[in-house]
Amino acid sequence: LVDGWFRLEVARSGAKLLPMAYCKISSPLLTSVGHDAAVEALDKVVSAIGSTTGQPNVSRIDICADFVTDAPLEDMSEREFVTKARSFSRHTVAREFSGFSFSAGAPTSARLYNKTLEIRSKNRPRPDLELQWRQSGWDGEQDVWRLEFQYVCL
């Protein structure tokens, strides 16, 4: 089940080895209402599907910061980053530099990428982000970069 707020995968009735539901809260919902309200809304949806017991198990946490810069990030090399990452990758979209990834696939990884380019290339406008960016002083022209860390909970 997918909508603009959540992605839910519901286990068959009586499945013993699977959780009742696997849930993902969308970034636009988190951006607009915050963590507590998003979790409360998700809890209402999941409770309507079936009985829940105990605390939810968090499997992955993503945290990010958006920023603008005049620094030519496309000119940076691996040696300019202080990291313990064993893998480092440069990325392009339609032959335009789009960013870097560090330790992709590892329990802890990071990405530094051009968020405005990602939005344009996917042709999915994000008015929620653009509003936040403008409220924080974004001029509507400069590329917005995102530094994102992903932690897989073991």
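Is Phe6 buried or exposed? Phe6 counts as buried, because its relative accessibility is 6% and the cut-off for burial is under 20%. The model is predicted. The points below cover its aromatic pairs, its second largest pocket, helix α3 and the residue Val68.

**Aromatic pairs**

- The structure contains ten aromatic pairs.
- One of these joins Trp5 and Phe6 in an edge-to-face arrangement, with 6.1 Å from centre to centre and 90° between the planes.
- Trp5 has a relative accessible area of 45% and is therefore partly exposed, whereas its partner Phe6 is buried at 6%.
- Phe81 and Phe88 form a tilted pair, because their planes stand at 45° with the ring centres 5.7 Å apart.
- Phe81 and Phe88 also belong to a cluster linked by ring pairs, together with Phe97, Phe100, Phe102 and Trp145.

**Second largest pocket**

- The volume of the second largest pocket is about 200 Å³.
- Its lining comprises 13 residues, of which His91, Ser98, Arg111, Tyr113 and Glu118 are the closest to the centre.
- Two or more lining residues come from each of β4, β5 (96–102), β6 (108–114) and α3 (115–122).
- By residue class, the lining of this pocket has five nonpolar, six polar and two charged members.

**Helix α3**

- Besides contributing to the lining of the second largest pocket, α3 has buried residues, namely Lys115, Thr116, Leu117 and Ile119.
- These buried residues of α3 pack against three strands that also contribute to the pocket lining, β4, β5 and β6.
- They pack against α4 (127–135) and β7 (145–152) as well.
- Asn123, just after α3, has a positive phi of about 55°.

**Val68**

- Val68 sits in the loop that runs between β3 (60–67) and β4 (88–93).
- With a relative accessible area of 40%, Val68 is partly exposed, because that class lies between the limits of 20% and 50%.
- Beyond its neighbours within four places in sequence, Val68 is in contact with Trp138, Gln142, Asp143 and Val144.
- Leu42 is 26 residues from Val68 in sequence, and the C-alpha atoms of the two are 32 Å apart in space.

Terms used. Residues numbered from 1 in each chain as written. Predicted model: local features only at pLDDT ≥ 70, side-chain atom pairs only at ≥ 80, totals over all residues. Heavy atoms only, no water. Helix = DSSP H or I, 4+ residues; strand = E, 2+ residues; numbered from the N terminus. Buried < 20%, exposed > 50% of the residue type's maximum accessible area, 1.4 Å probe, protein only. Contact = heavy atoms within 4.5 Å. Phe/Tyr/Trp six-rings, centres within 6.5 Å; stacked < 30°, edge-to-face > 60°. 1 Å grid on protein atoms, 1.4 Å probe; cavity = no way out; pocket = protein on both sides within 12 Å on 5 of 7 lines; lining within 4 Å. Points joined across faces, edges and corners; volume = space filled by probe spheres on them. Nonpolar A, V, L, I, M, F, W, Y, C, P; charged D, E, K, R; others polar.
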